[in-house]
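Thank you all for coming; I would like to walk through one model this morning, going slowly from individual side chains to the way helices meet. Please look at the sequence and the structure first, and then we can take the details in turn.

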Amino acid sequence: MKDGGYWRANLRLVAGCLAVWFLVSFGCGILFVDLLNEIPLGGFRLGFWFAQQGSIYVFLVLIFFYAWRMGRLDQEHGVEELAEEQEED
Amino acid sequence: MDLTTLTYLVVGASFALYIGIAFWSKAQGTGDFYVAGKHVHPVANGMATAADWMSAASFISMAGLIAFLGYDGSVYLMGWTGGYVLLALLLAPYLRKFGKYTVPEFIGERYYSRTARVVAVICLIIISFTYVAGQMRGVGIVFSRFLGVDITTGLLVGMGIVFFYAVLGGMKGITYTQVAQYCVLIFAYTVPAVFVSLQVTGVAIPQIAFGSTVADGGAWLLTTLDGIVTDLGFPAYTDGTKSGIDVFFITLALMIGTAGLPHVVVRFFTVPRVRDARISAGYALLFIAILYTTAPGVGAIARLNLTTTMQTGPVGAADGNLVYEERPQWFRTWEETGLLSFTDHNADGRIQYYNDANPEFAARAAEYGWKGNELTVDRDIIVLANPEIAGLPNWVVALVAAGGIAAALSTAAGLLLVISAAISHDIAKGVLTPNISEKRELLTGRISAGVAVLMAGYLGYDPPGFVAQVVAFAFGIAAASLFPAILLGIFSRRVNREGAIAGMLVGLVFTVSYIVYFKFGVDAATGNNPASWLFGISPEGIGALGAMLNLAVAWSVSALTARPPEDVRELVERIRTPR
């Protein structure tokens, strides 16, 4: 398959991002919430903060990071869209 | 100028703006009507997605929901934002590369089957209609609360506006009105939030304020809040009462469901390029997060405000409770609407607000001479009364009304559009009359949008008892039916027609039956509880299990049946690369 390297790199990147996605929400916000709640973050208990604030900020960073990294991956593998490309229908 | 006049003016001005935009962005052809000609800038698409996504419930009810649920409310915060990560990484760029108009169209082509397409249309219509009925109801409620007109009149006006720009402008009209609606709603949401935060904590940013100290006492706000609510017999604010597994599954179902909601997915068909689809999901989440990270701050601050307003001194002290005659002005205002009500059970003229469902505390309360909780609070008041509690001028109150209406209208329009596109593009053109001309297809689209508005209006006017209860389950159904089919369609070359159809049907039937059984089949008071749920998963979270079933069935059935044809495998290869 001609773009095998591209697709595999994409899958690796997606898997890494989803691991972080899972860790901050289901991990820090739900599974380990009681443990993390022992740690204060200002007036927040850390587990509670992840559940109501932190996870959302990490989600945001993840999407922008993925978009940026994929843009580079597209170029490295020469599959980026051309500037003038206008799709017909 | 009095509040009602001002509210009419502000709401009227926002309507004029939406109608103006609809004229300017009239759809010229089916491309405009379904996907706004694929010319939407990713930032504009992000805003439109945010408005599309944030419904009347997000705007009016969510902060209140969190205020009274505390930690348990986190399922909505994480669930309704985490889904955008799935959307950005797993679906949006590939569907954009596919480059057609609707979600069922993708499913139909990828699984080389009209049946699959029709099954997808059925899922889409069930999801979208349950969701849209709640929105139309929301429009009516906002009108009646702020403008004093009855719900039916409010509903008719709302239908008229949506009819106008959805039918005329299609996706193009909806997109640009949604951008305007986002600006209205986010401004209306954050301004009162900032002022309330300032008043209570001295910190202007709600996201930081609820982790700061209370302005006068010096103690941490959340610690103070945990203290006072537990003193009154409520569970601690920062601790949950739901089981861990249920919180896990509800969050997962909301995330997967969000990524599978057709009216959200289709927004990413409207941007020019694949990389715009990726970044646009980021902008969408950014604009959504502004509201979603503000809401828990508003919730915690308002809960503290409400509790300390009623409980002015130590719990149990004779003069520890607010004298009813001395209640603040906002209390009087919202009492008239029925959102707050007071019944003086022990006839002492003071307001006792506590958790009388907690037997241990109820016994102690009886020793104080309290005879039951005397204050009933509708959760919507947390957002609606915010500007008055903060002492903000009337124009801010008027703006909150316009914001609530914008939130409801934008979501309703997005839903109506996917319904009409499914009917005119997937059913009329895709199945019934494939040779239909573009002009006639556009006309069919407009007519079905019109019919959908009427039906949604009727559902909002006279909601069958179940509608209000099942709106939240639209997510479960989306999670269990559409999401897995799209995901496998992109990430597997092996999953075939038989597998996808079997998977969607199993996911849909399983999830709907579970919800119907626990919501309507058993006695709600005794039968619908953790002990009788499968693995302790509530109906709200069952969609996640439905999605897993769908995936498992699709895999197994595909493994036992023939591989997809060569051209379908090529289609999968093609959507995986941007060029």
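Let me begin with a question: is Phe106(B) buried or exposed? Bear in mind, as you look, that this is a predicted model. Phe106(B) comes out at 0% relative accessibility, and since anything under 20% is taken as buried, it counts as buried. Its ring partner is Phe98(B), and the two form an edge-to-face aromatic pair, with 5.1 Å from centre to centre and 80° between the planes. Phe98(B) is buried as well, with a relative accessible area of 4%. That pair is one of 36 aromatic pairs found over all chains of the structure. Elsewhere in chain B, ring pairs join Trp53(B), Tyr76(B), Trp80(B), Tyr84(B), Tyr131(B) and Phe475(B) into a cluster.

From rings I turn to charges, where a search of the whole structure, over all chains, gives eleven salt bridges. The one I would start with is formed by the side chains of Asp32(B) and Lys172(B), at 3.9 Å from N to O. This pair ties together distant parts of the chain, given that Asp32(B) sits in helix α2, residues 30-35 of chain B, while Lys172(B) belongs to helix α8, residues 151-201 of chain B, and the two residues are 140 apart. How do the two partners compare in accessibility? Asp32(B), at 14% relative accessibility, counts as buried, whereas Lys172(B), with a relative accessible area of 22%, is partly exposed.

Lys172(B) appears again when we look at Ser25(B), which is placed in the loop between α1 (3-24) and α2 of chain B. Leaving aside residues up to four places away in sequence, Ser25(B) touches Gly169(B), Lys172(B), Gly173(B) and Tyr176(B). Ser25(B) counts as buried, at 1% relative accessibility.

Two further salt bridges deserve a word. In one of them, the side chains of Glu109(B) and Lys100(B) meet at 3.1 Å, N to O; Glu109(B) is partly exposed at 32% relative accessibility, and Lys100(B) is likewise partly exposed, with a relative accessible area of 30%. In the other, Glu566(B) and Arg569(B) bring their side chains together at 2.7 Å, N to O. Both of these residues lie in helix α25 of chain B, three residues apart, which is about one turn of the helix. Glu566(B) has a relative accessible area of 46% and is partly exposed.

Helix α25 also leads us to a helix packing. What is the angle at which α22 and α25 of chain B pack? Helix α22, residues 482-491, and helix α25, residues 566-576, pack at about 90°, and their axes are 8 Å apart. Because angles of 65 to 115 degrees count as roughly perpendicular, α22(B) is described as roughly perpendicular to α25(B). On the α22(B) side the contact is made by Gly489(B), Ile490(B) and Phe491(B), and on the α25(B) side by Val572(B), Ile575(B) and Arg576(B). Sorted by character, the residues of this contact are four nonpolar, one polar and one charged.

I will finish with Thr333(B), which lies in helix α14, residues 329-336 of chain B. Thr333(B) is partly exposed, with a relative accessible area of 27%. Computed along the sequence, Thr333(B) and Glu388(B) are 55 residues apart, while in space their C-alpha atoms are separated by 9.2 Å.

Note on methods: Residues are numbered from 1 along each chain as its sequence is written. Chains are lettered from A and ligands numbered from 1 in the order in which they are written. This is a predicted model: local features need pLDDT of at least 70, side-chain atom pairs count only at pLDDT 80 or more; totals for chains, interfaces and linings use all residues. Side-chain values use heavy atoms; hydrogens and water are left out. Axes are lines fitted to C-alpha atoms, for helices over the stretch in contact, and angles run from 0 to 180 degrees between N-to-C directions. Helices (H or I, at least four residues) and strands (E, at least two) are DSSP runs, numbered from the N terminus. Angles under 35 degrees count as roughly parallel, over 145 as roughly antiparallel, 65 to 115 as roughly perpendicular and the rest as oblique. Contact means heavy atoms within 4.5 Å. Ala, Val, Leu, Ile, Met, Phe, Trp, Tyr, Cys and Pro count as nonpolar, Asp, Glu, Lys and Arg as charged, and the others, Gly among them, as polar. A salt bridge is a side-chain nitrogen of Lys or Arg within 4 Å of a carboxyl oxygen of Asp or Glu. Buried means under 20% relative accessible area, exposed over 50%, partly exposed in between (1.4 Å probe, protein chains only). Rings of Phe, Tyr and Trp (its six-membered ring) pair if their centres lie within 6.5 Å; planes under 30 degrees apart count as stacked, over 60 as edge-to-face and the rest as tilted.
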